[in-house]
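Reader: Could you take me closely through one part of this model, namely its pockets, and say what lines them? I would like a connected account rather than a list.

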Amino acid sequence: MAELTRLNQADIGDCEKLMAVTTVMTQSVISFLLPQTRAIGQQFFLGGIYELIKFSAPAFIFGIVYSTIRTHPAARLHDYPQFMLNRWHLLFIPSILWTTVYLVGLPQLQQHQHYHNWASFCWQFINGNAAPHLWYNVMMLQFIIIMPLFWWLARVIQYNPGRGWLLFVLTLLFEICWHLLYERLVFHNSHPQYWYLLDRVFPSFLIFAVGGVLTYAFAKRLQPFIAQHWLAQLAFWLLCLYIVTANFFHYGYPVRLTNAPYYLPSMVFYNLSTIGLIATFLTHLQRVHNQWLPLIHWVALYAHRAFLGHVFWLYWLWQASQHFLPWLPLELTLPLLVVLTVACSFAFAYGAHRTWSGIKRHCDHHQMKNG
């Protein structure tokens, strides 16, 4: 019973995934609202919220790697086939199904280009252009595929803080150089369409995966430290938020979300500071044995499946709001669409899981009965 209770308690990775999935859904809502908003104040209001929550992808990567390392502490290469078989059912099959739904049912949501034959259909299927948010899924699945790398890193740095610091510094330097390269070649470059695939390859988020490894490996040292210095963390986070928001608003009116990419050196530090604050918050909840920890764990279990489908539900909710509630002010439309999108996405993810589990149980029972 104690082991069952422990497994149902949220870890830092669960909290990161919870924050990531709710903020990425809010980002999607803002991307629907902003093109319809003309008032300068409202545009900057939406842009400010968008920049505030522009940590969803890094937090999700951090959370995935942290939780995977925690639940597979002794994993090695020979465990990889079973690991991938499990992830195939949990992550890859839902990804394939939802990508098909978007390409066939809502082809108007495609990004960059539209398919016109089987070859372009397959290309759109695998590159994350089937819907506005699926580039992010393509990038995330790469970290699942290369997970043995992080198992190995966790063993290399175990009980050796010096190696941990070296790994962090080298990865951070690489990430800053990579982001500077992106800023020069892609961000506001004259030919960004040739380089956009850089935003969905794993090096763009490598520092956050390594952060997940380091946080788990040195949890006993880090958790008391971050709990004691939460105020300094908050001050650093506010400074980073000011810098990235000022950079974003520097481009003026109209507010364009393309001026707020993940891949700027300042965003590396903002995202790391945000991830740190979320980890500090979850550590506090664990210390006081907060009653919401099992719920956070439950939400994290369905976070990926809810994420995959949320633009589908948002699209129809948006159409309904434009038809039935066109008079609703922005201050009410934003939270209403966020709440409904989150609710529909998780309700469907949970319902689909229960339905499929029931079908499998029925088939297994029928097979045993006939056997």
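Author: The second largest pocket of this predicted model has a volume of about 1,000 Å³, and 27 residues line it, of which Trp165, Phe168, Thr215, Leu222 and Ile226 lie nearest its centre. Two or more residues of that lining come from each of α9 (161–185), α10 (206–217), α11 (219–228), α12 (230–249) and α13 (265–287), and among these contributors α13 gives the most, with 7 residues. Sorted by class, the lining of the second largest pocket holds 18 nonpolar, 8 polar and 1 charged residues.

The largest pocket, for its part, encloses about 1,200 Å³ of space and is lined by 44 residues, with Tyr50, Gln111, Trp135, Leu257 and Thr258 lying nearest its centre. At least two lining residues are supplied by each of α2 (12–33), α3 (40–52), α7 (134–145) and α15 (303–324), and the largest share, 5 residues, belongs to α2. The lining of the largest pocket divides into 24 nonpolar, 15 polar and 5 charged residues.

Turning from the pockets to a single helix, α4 (residues 56–71) has 16 residues, which at 1.5 Å a residue should span 22 Å, and because its end C-alpha atoms are 22 Å apart, the expected and modelled lengths agree. Helix α4 is also mostly covered, with 15 of its 16 residues buried, where buried means under 20% relative accessible area.

Methods. Residues numbered from 1 in each chain as written. Predicted model: local features only at pLDDT ≥ 70, side-chain atom pairs only at ≥ 80, totals over all residues. Heavy atoms only, no water. Helix = DSSP H or I, 4+ residues; strand = E, 2+ residues; numbered from the N terminus. Expected span 1.5 Å × (residues − 1). Buried < 20%, exposed > 50% of the residue type's maximum accessible area, 1.4 Å probe, protein only. 1 Å grid on protein atoms, 1.4 Å probe; cavity = no way out; pocket = protein on both sides within 12 Å on 5 of 7 lines; lining within 4 Å. Points joined across faces, edges and corners; volume = space filled by probe spheres on them. Nonpolar A, V, L, I, M, F, W, Y, C, P; charged D, E, K, R; others polar.
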